[in-house]
Amino acid sequence: MNKIVIVGANHAGTAAANTLMANYKDAKVTIFDANSNISFLGCGMALWIGEQIAGAEGLFYSDKEKLEAQGAVVHMEAPVENIDFDRKVVYATLKDGTKVEESYDKVILATGSTPIIPNIPGIDLENVQKVKLYQHADEVIRKLKTEEIENVVVVGAGYIGVELAEAFERKGKKVTLIDIADTCLPVYYDEPFTNLMRENLKNHGIHLAFGERVLEIRGDQKVREVVTDKGVHKADMVVLSIGFRPNTALGNGKLELFRNGAFVVDKHQETSMKDVYAIGDCATVFDNSIQDTNYIALASNAVRTAIVAAHNAGGGTLESAGVQGSNGICIYDLKMLSTGMTLAKANVCGFEAAATDYDDLQKPEFIEENNPKVKIRIVYDKKTRVILGAQMASTYDISMGIHLFSLAIQERVTIDKLALTDIFFLPHFNKPYNYITMAALGAK
Ligand SMILES: Cc1cc2nc3c(=O)[nH]c(=O)nc-3n(C[C@H](O)[C@H](O)[C@H](O)COP(=O)(O)OP(=O)(O)OC[C@H]3O[C@@H](n4cnc5c(N)ncnc54)[C@H](O)[C@@H]3O)c2cc1C
Ligand SMILES: NC(=O)C1=CN([C@@H]2O[C@H](COP(=O)(O)OP(=O)(O)OC[C@H]3O[C@@H](n4cnc5c(N)ncnc54)[C@H](O)[C@@H]3O)[C@@H](O)[C@H]2O)C=CC1
């Protein structure tokens, strides 16, 4: 028997448990999670808040019962308080207060992340909201139902902030979106693309306050305004979305940490200590675009890293292929996708990088319906010609295209090889001179 304890059972922990129980019959899996629910798809939070879906029911895909039906022992509302890595024992408190000690052969840490909370005055005022868990979204929705929430200020115009700004606007709120950077989504896109999203948000009446540093949140008991270095914004609710911080307190000085505090793992998802694995938002990833260790908090990475860890902890051998941080967003029908590095980031990282851009229609001009504009940028290394990143935007569903670039970065394909890659043509779908080919051919 191989005793495996999984700490944290959201996307990463659940995927690890499923993989173990499907493939390793001798694995005795015990799971602890501090929360009362698991598998909440945060990606559906904006759709739920903006009432684009009927409710939250469909945003869960697993629970204690499903995991137990496969053979796991699952403790919910049972925070793990300490791990003795030398004795290989996990210490937790169960819901009824019972203290338990669970020994293991292998432990998988899937403790995820928590939202970063800025250290500014007024942060504890009523109606200053975090947005990570199901409970957070539920609370926001309950408060939105009251008449008193008219002005919503979203701090952080990354993926969560932009998605929630749309959701609040759909609910008829006056929305201000603040970012310390001078644009939205700066982590994922270069200026030609962030400009598209900026215009999109502005055209839907969202007030943009980019390049502003939040100094203070003011109110009586409840929040009333947000003060930045450039002005004051009225606020009945403030939503904080300035990124995630990995939850790694259980490492307790024993495990090597990355610069942001994430558990450093190798390509088997093993931490600096043997038989201790870490997956999902609490761990690092190998980023193929920079060819180095990085931190990229995504549910997609959580699932993949979990599969790798589960096979290695279960007794098999599986190496991660690394990741490119591929991602996408859809705001009022504008779809944007990116993978790897932006040009700006590549240059900051010391690459001699260049970008090749192409704007076109999705299909030949003679297709008069459902034929929107598309925009693409491919970032490559001028010296090696290796593709480093790609960005795409359209109101057309071009999302499958970004996977090609994800694989290209993973496999270190050059821009010249991509230019000659066999890309099919059918007018119902695309052009004979496909924009991917055209952008690649345009590389200097
Ligand atoms: C609003 C929103 C939208 C998002 N949209 C997307 C998207 O579209 N695409 C995408 O790829 N990603 C998206 N993400 C990111 C994605 O949700 C995270 O990357 C993902 O949740 C990471 O999963 P995880 O299991 O590693 O960590 P978490 O989801 O953080 O789960 C960690 C689990 O560990 C438990 N835990 C922590 N400490 C302990 C302890 N000491 N003892 C016991 N249990 C513990 C917690 O209770 C929790 O259940 C979104 C996130 C949010 C908030
Ligand atoms: N569609 C998707 O794939 C989604 C992915 N996610 C993931 O969840 C994680 C967390 O998302 P976010 O919180 O949106 O992080 P993020 O990293 O996407 O964006 C954070 C934003 O906050 C800004 N910021 C940082 N400090 C600030 C400050 N003090 N004041 C004002 N602005 C500040 C940054 O400039 C950045 O624009 C990310 O890894 C993200 O990729 C979240 C939602 C959707």
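**Close-up 1. Who sits around ligand 1 in this predicted model.** Of the 31 residues around ligand 1, the ones that come nearest are Asn10, Asp33, Val80, Lys132 and Asp281. Backbone atoms join in too: a polar backbone atom of Ala110 is 3.3 Å from an oxygen atom of ligand 1. For Ser113, a backbone N or O atom lies 3.1 Å from a ligand 1 oxygen, and for Ser300 a polar backbone atom is 3.4 Å from an oxygen of ligand 1. On its own, ligand 1 has 1000 Å² of accessible area, and the protein covers 86% of that. Two elements, α1 (11-23) and α7 (299-314), each give two or more residues to the shell. The top contributor is α7, with 3 residues.

**Close-up 2. The largest nonpolar core, with Met197 in it.** This core has 41 residues, and Val162, Phe168, Leu177 and Met197 have the most contacts inside it. Helix α5 (residues 159-170) supplies the largest share, 6 residues. Nonpolar side chains tend to be buried together in soluble globular proteins. Zoom in on Met197 and, leaving out residues up to four places away in sequence, you find it touching Val162, Cys184, Leu185, Ile329, Ile331, Leu334 and Met336. There is also a second, separate core of 27 residues, which includes Leu20, Ala72, Ala110 and Ala310.

**Close-up 3. The buried residues of helix α4.** Helix α4 covers residues 134-144, and its buried residues are His136, Ala137, Val140, Ile141, Lys143 and Leu144. Why do they end up on the same side of α4? Because they cover an arc of only 165° around the axis. An α-helix has 3.6 residues a turn, so residues three or four places apart point the same way. As for packing partners, the buried residues of α4 pack against α2 (45-49), β9 (128-130), α5 and β16 (237-240).

**Close-up 4. Lys375, a lysine in strand β24.** The strand here runs over residues 373-381. Is Lys375 buried or exposed? Lys375 counts as buried because its relative accessible area is 19%, and the cut-off for buried is under 20%. Its side chain has company: a polar contact of 3.2 Å joins the side chains of Lys375 and Asp359. Asp359 also turns up in the list of residues that Lys375 touches, along with Pro192, Phe193, Leu196, Tyr358, Gln391, Met392 and Ala393. That list does not count residues up to four places away in sequence.

Conventions
Residues numbered from 1 in each chain as written. Chains lettered and ligands numbered in written order. Predicted model: local features only at pLDDT ≥ 70, side-chain atom pairs only at ≥ 80, totals over all residues. Heavy atoms only, no water. Core = buried A, V, L, I, M, F, W, Y, C linked by side-chain atoms within 4.5 Å. Buried < 20%, exposed > 50% of the residue type's maximum accessible area, 1.4 Å probe, protein only. Helix = DSSP H or I, 4+ residues; strand = E, 2+ residues; numbered from the N terminus. Contact = heavy atoms within 4.5 Å. Arc of directions from axis to C-beta. Near = heavy atom within 4 Å. Polar contact = N/O pair within 3.5 Å; in protein donor to acceptor, adjacent residues only side chain to side chain. Areas by Shrake-Rupley, 256 points an atom, 1.4 Å probe, with all protein chains shown as cover.
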